[in-house]
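Welcome, and please take a moment to look over the model before reading on. We will walk through it one region at a time, explaining each term as it comes up.

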Amino acid sequence: MSTADDGPWWRSAVIYQVYPRSFADSDGDGIGDVDGIRARLGHLRDLGVDAIWMSPWYPSPMADAGYDVADFRDIDPVFGTLAGAEALIEEAHAAGIRMIVDIVPNHLSSEHPWFRAALASPSAKEREYFWFRPGRGDEMPTNWRGEFGGTTWTRTPDGLWYLHLFTPEQPDLNWDHPDVRAEFESILRFWFDRGVDGIRIDSAALLFKDKDLPEVRAGARHPFHDRDEVHEVYRSWRRVADSYAGDRALIGEVWMPEVERFANYLRPDELHAAFNFDFLGCAWDPGLMRECVDRTLDAHAAVGAPATWVLSNHDVTRHVTRYGRADTTFSFDNNLDGTPVDLELGTRRARAAALLSLSLPGAAYIYQGEELGLGENESIPPASFQDPMWARRGHSRDGCRVPLPWSGDEPPFGFTTAEPWLPQPSEWKGLTVEAQTGDPKSMLALYREAIALRRAEPGLHRPAMTWLDLHPRVLAYTRGEEFACVVNMSGDSIPLPDHEISLLASGPLDGDRLPPDTAVWLRL
């Protein structure tokens, strides 16, 4: 959608998240790869997205699906080669698509050369790059709980303990050390030098820890969440990004319930944007959704940053499933797996949510498969789970990471010529790209048309929006003087406001009335 009037591309882009191992497999090993993405780049061009965010593709033992990185300057052989990645960046640019890569600064893989050197010798300088600490007798240094649940310290053969907020295979870095800071600035330059347009920053608020290692206490400053010291790191990263031409962007994964603290990461000299998890986790309720949108826009306006709108990603229950449940919210403390779901209702709401998220001011993110209307695969046998969160927390994210269906009437649906790394449900045969292409009623057609209209509609290139009070259970607003979006979250059809034409609807209209769980874009 980005145009000259919108300012830098990242302020209004439609950004598509590619989860490499589940996008497309080119070599028949059942795992997606870089050449598979290159072969399917036309799908993303036809969809109309402005940029691709690539989940980690670096060399990794895959203890956490690649978020345990052993080398940030190469590509894991299961995904291909660095030359292939460079070719993908060039080919994406030729198709008018920018590239964003994922950097994981909180931790490294336990197989990274730094950590292997640190374990090999108590006197190694690399020990200072991590959090090695003595225990309390035979007990761990703290009782901190991990981000995946479970403990956060592992004992080494020489008796010390090292910190890992995630799995033991992901030792946390010591960001107080200048060598750590210098290394990551060098990594940023490595990828910017290869033409990457943006960096997505994983777990952006976790980098610093209180050196005194206090326990987590209510009312006290958290020992490792959102420490003030983190902002100087992102100021230095911003200086690196700003030293390159072409509006290079820094985009943070910041899980932060306090809106004011969240906005601190988006000050003019820090990150360009951050994911809006408040919106992602919001219930399908017009009052709560309106409050969420107002909260988001107010917080971002205070620091001059663009809002972002996210419905799903590789860590959360797909919203087709979420919106089909009695509880439509999402949080990691609310295990939604296995509760009853009405997929027809969830799909109807997901279609309406697409028009909602794509017409709000700011940037929009699409998780791969969202444009196909995929739900969570909740039929995966637990024995097939690969997500470390399952063992530590009893919640697996694998259901949203299942390989995409491209063609055919049965698995593997054109994803691979082998057995996919996670099973695909046979019910997806009507949701393949092939099945939906040319069907004007499909989810794919809805996304393609919505993204094209988003680019063409003048009102959607203006920052302001104004609420319309049509009905207590309806979310409605204008963008400019001629465009309106109306989302009916009530249980009854409601009359549409006066308008010239309907530009796009998420489902059939009932004359001049909008059915339940349906959204429409109007020319006023």
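A disulfide, as the word is used here, is a pair of cysteine sulfur atoms within 2.5 Å. In general terms, it is a covalent bond between the sulfur atoms of two cysteines. What you see is a predicted model, in which local features need pLDDT of at least 70 and side-chain atom pairs count only at pLDDT 80 or more, while totals for chains, interfaces and linings use all residues. Residues are numbered from 1 along each chain as its sequence is written, and side-chain values use heavy atoms, with hydrogens and water left out.

How many disulfides does a search of the whole structure find? The search finds zero. Take Cys282, which is in no disulfide: the nearest cysteine sulfur belongs to Cys292 and is 4.8 Å away. Seen from the other side, Cys292 has its closest cysteine sulfur in Cys282, and because the gap is 4.8 Å, it is too far for a bond. Both residues can also be described by how much of their surface is accessible: buried means under 20% relative accessible area, exposed over 50%, and partly exposed in between, using a 1.4 Å probe and protein chains only. Cys282 is buried, with a relative accessible area of 7%, and Cys292 is buried too, at 0%.

Next, let us turn to the interior. A nonpolar core is a set of buried Ala, Val, Leu, Ile, Met, Phe, Trp, Tyr and Cys residues joined through side-chain atoms within 4.5 Å. The largest such core has 148 residues, and those touching the most other members are Trp57, Ile103, Phe184, Trp191, Tyr234, Trp237 and Trp521. A second, separate core has 13 residues, including Trp131, Trp144, Trp153 and Leu206. To see how one member of the largest core is surrounded, look at Phe184. Contact means heavy atoms within 4.5 Å. Not counting residues up to four places away in sequence, Phe184 touches Phe72, Ile103, Val104, Pro105, Leu108, Leu173, Trp175 and Trp237.

Leu206, from the second core, opens the way to a loop worth following. Helices (H or I, at least four residues) and strands (E, at least two) are DSSP runs, numbered from the N terminus. Leu206 is found in the loop between E7 and H6, and Leu206 is buried, with a relative accessible area of 6%. Beyond residues up to four places away in sequence, Leu206 touches Asn106, Glu147, Leu165, Phe166, Phe224 and His225. The C-alpha atoms of Leu206 and Arg227 are separated by 7.6 Å, with the two residues 21 apart along the chain.

Other residues share this loop. Ser203 is found between E7 and H6, is buried at a relative accessible area of 10%, and has a positive phi of about 45° although it is not a glycine. Leu213 also has its place in the loop between E7 and H6; Leu213 counts as buried at 14% relative accessibility, and its phi is positive, about 55°, although it is not a glycine. Is Lys211, in the loop between strand E7 (198-201) and H6, buried or exposed? At 53% relative accessibility, Lys211 counts as exposed. Leaving aside neighbours within four places in sequence, Lys211 is in contact with Trp131 and Asp176.

Following the loop into helix H6 (residues 230-242) brings us to His231. His231 counts as buried at 3% relative accessibility. Apart from neighbours within four places in sequence, His231 is in contact with Asp226, Asn264, Tyr265, Arg267 and Glu270.

Finally, a look at open space. On a 1 Å grid over the protein atoms alone, a pocket is an open set of points where a 1.4 Å probe fits, with protein on both sides within 12 Å along at least five of seven lines, and lining residues have an atom within 4 Å of a point. The largest pocket is lined by 50 residues, of which Glu147, His225, Trp255, Met256 and Pro257 lie nearest its centre. Among the helices that each supply at least two lining residues are H7 (259-264) and H9 (286-303), and H9 gives the largest share, four residues.
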